[in-house]
Amino acid sequence: AAAEPWPENAALYQQLKEEQILLSDNASSLAVQAFLQMCNLPIRVICRANAEYMSPSGKVPFIHVGNQVVSELGPIVQFVKAKGHSLSDGLDEVQKAEMKAYMELVNNMLLTAELYLQWCDDVTVEEITHPRYGSPYPWPLNRILSYQKQWEVRRKMKAIGWAGKTLEQVLEDVDQCCHALSQRLGTQPYFFNKQPTELDALVFGHLFTILTTQLITDELSEKVKNYSNLTAFCRRIEQQYFEGHEKDSSTVAARSSKRSLLR
Amino acid sequence: MAAPMELSCWGGDWGLPSLHPESLTVMAYAKFSGAPLTVNTVNNSWRAPKGDLPVLVSEDIVISQPAKILNFLRKQKYNADYDLSAKQGADTLAYIALLEEKLLPALLHTFWIEAENYCSVTKPWFASKIAFPLSLYLPGKMSREALNRILLTKGGPPLYSLTEVEAQIYRDAKECLNLLSKRLGTSQFFFGDTPTTLDAFVFGFLAPIYKVCFPRVQLQEHLKQLPNLCRFCDDILTCYFRLTVSGHSPAGQDTADANLQKLTQLVNKESNLIEKMDDNLRKSPQHPPRKLTMLKLAAGGEESSPMSRLSP
């Protein structure tokens, strides 16, 4: 299976873009889409309400290539590498170690902060998350599913010590993470100067989603906007890799307007 | 200006000032930045540990997590990261995240979940440090919390049994150790010649794996195959911790300590240079004749057959 070429009908599954998908899942999905665009591998985005349950690991997005199903950015990067496409081959050992460390930083801080905001901040949960998460399902299933997911996420937050944090502390952490990313990026076009890598895809996915999603307040996106090189980075990648597909770019912009209708 | 600061943390054994990774991180940072901390190790007293250790108490302020304690020390002008560039500061955050995601689960597993390790080493040791009724409850609670943490963060599908999760976390931990080793290379500390926050964190996580004698030691064996990380731990132990477990060195010893530290660093640099010279010699063409003499000895008689096994 590794020796087969990339088929034309490869598909990426995520939840419904307009009504259902949440901030963190959107970020992960966009990161995978950006990565595949950077590798020049064509992929169709298919939206299904039950994408989370179809996924082998329970997390979106997942890709269906040939007869294989792979979910999450890490395993997808390895799968694509086995097919012979890799973005990080040109890096030396120390740079690869740095890249992995920065990817963990994004996962550890940005993704966890997004999850916290979505599921542990009561206002956001009531007004945005609960209505969106269960929207494809009839009552009472929609409430049951979203309460179940909320309970799961809160358990995880408690286990890693984030349950005791206040929103201000979480925003502080996001700021620290963006500061670190901004310092590392500096004035270069990509994190490892000339060529984009999976780190660029991951950072783009998260930052672009934070910048273009309207939540209750704008505090989260303000934290990212403080760093002009990060916003320029997001714009550059959007122009380079997403302008070609009219479908994608229009929905990327439409996403933010759709969210405001719910409030 | 400096209010007296007291750190309560778990004590140590097997040559370490503390067995607890977070306590060790804070102690190492205090040593690197020169903060005068009085370290109180939790021992068999009735002042039972409330919440999580380590805890820093300064006048009326009580701070409990390592990141917050380090922030507080930096605000008090005890800053080990003074010379770092902004990019190096960013790297520090990234590597700390890597340690927490990839190495910490395996560390927790080795200490608290691996049955032989837990029953024969960890539980008796921690139980001996806590007062009687709590010692029956607290180690079990710490073990359950560790298991919970690992299962919630790493244990989702497609890994369905604990053995698969264990295999995955040890793979991640070994990869993380390899990455750290490559990043450290041959330098003394991660960012040049003076230790910083990252060195404190790496030391805090690595030293317990390295020194504590467990019955099941797969992580320790992997670590021992990475000599630069072992050297890193030993250096910090000898330079900054020496024998004093209490961690409070009187003012008179300080200059002697500083001199000893400089001497040790010089000696280390010398030994690194000697190692490099050895490497160069080994790579140079004079090496093959050594092999020939070894073979001749092997051919000479049966009693020299062990030598033929040793020949390069």
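This report describes a predicted model with chains A and B, beginning with a sheet in chain B and passing to the interface and to local features of chain A.

**The sheet of chain B**

Chain B contains an open sheet of 4 strands, arranged in the order β2-β1-β3-β4 with mixed pairing. The edges are formed by β2 (37–42) and β4 (61–63) of chain B, each of which pairs on one side only. From one strand to the next, the twist averages 20°. Helix α2 (residues 66–75) of chain B packs on this sheet, where it touches β1 (5–10), β3 and β4 of chain B. The direction of α2 makes about 135° with that of β4(B).

Within the sheet, strand β3 (residues 55–58) of chain B pairs with β4(B) in the antiparallel sense, over 3 bridges. In this region Leu56(B) stands opposite Ile63(B), a residue of β4(B).

**The interface between chains B and A**

The contact between the two chains draws 23 residues from chain B and 21 residues from chain A. About 2,200 Å² of area is buried between them, and carbon and sulfur atoms give 64% of this area. On the side of chain B, the residues that lose the most area to chain A are Leu93(B), Leu152(B) and Lys182(B), which together account for 23% of what that side buries.

Specific interactions also cross the interface. The rule finds 4 salt bridges between chain B and chain A, and it finds 5 residue pairs in polar contact. Three helices of chain B, namely α3 (86–113), α5 (132–154) and α6 (162–184), each supply at least two residues of the side that touches chain A. The largest share of that side, 12 residues, comes from α3(B). By residue type, the side of chain B that touches chain A divides into 11 nonpolar, 2 polar and 10 charged residues.

**Salt bridges**

Over all chains, the structure holds 16 salt bridges. Two of the salt bridges are set out below, with the distance between the closest N and O atoms of each.

| Residue with N atom | Residue with O atom | Closest N and O atoms |
|---|---|---|
| Lys87(B) | Glu98(A) | 3.9 Å |
| Arg154(A) | Asp122(A) | 3.2 Å |

The salt bridge of Arg154(A) with Asp122(A) lies within chain A. Arg154(A) belongs to helix α6 (residues 141–160) of chain A and Asp122(A) to helix α5 (residues 122–133) of chain A, so the pair ties together parts that are 32 residues apart in sequence.

**Backbone features of chain A**

Most residues other than glycine have a negative phi, and most peptide bonds are trans. Against this background, several places in chain A deserve mention. The peptide bond from Val60(A) to Pro61(A) is cis, with omega near 0°. Pro61(A) is placed in the loop between α2 (51–54) and β3 (62–65) of chain A. Another cis peptide bond joins Trp139(A) and Pro140(A), with omega about 0°. Pro140(A) sits in the loop between α5 and α6 of chain A, the helices that carry Asp122(A) and Arg154(A) respectively.

Glu72(A) is not a glycine, yet it has a positive phi of about 75°. This residue is found in the loop between β4 (68–71) and α3 (73–82) of chain A.

Key:
Residues numbered from 1 in each chain as written. Chains lettered and ligands numbered in written order. Predicted model: local features only at pLDDT ≥ 70, side-chain atom pairs only at ≥ 80, totals over all residues. Heavy atoms only, no water. Pairing = 2+ DSSP bridges. Axes fitted to C-alpha atoms, helices over the stretch in contact; angles between N-to-C directions. Contact = heavy atoms within 4.5 Å. Buried area = accessible area lost by both parts, 1.4 Å probe. Salt bridge = Lys/Arg side-chain N within 4 Å of Asp/Glu carboxyl O. Polar contact = N/O pair within 3.5 Å; in protein donor to acceptor, adjacent residues only side chain to side chain. Nonpolar A, V, L, I, M, F, W, Y, C, P; charged D, E, K, R; others polar.
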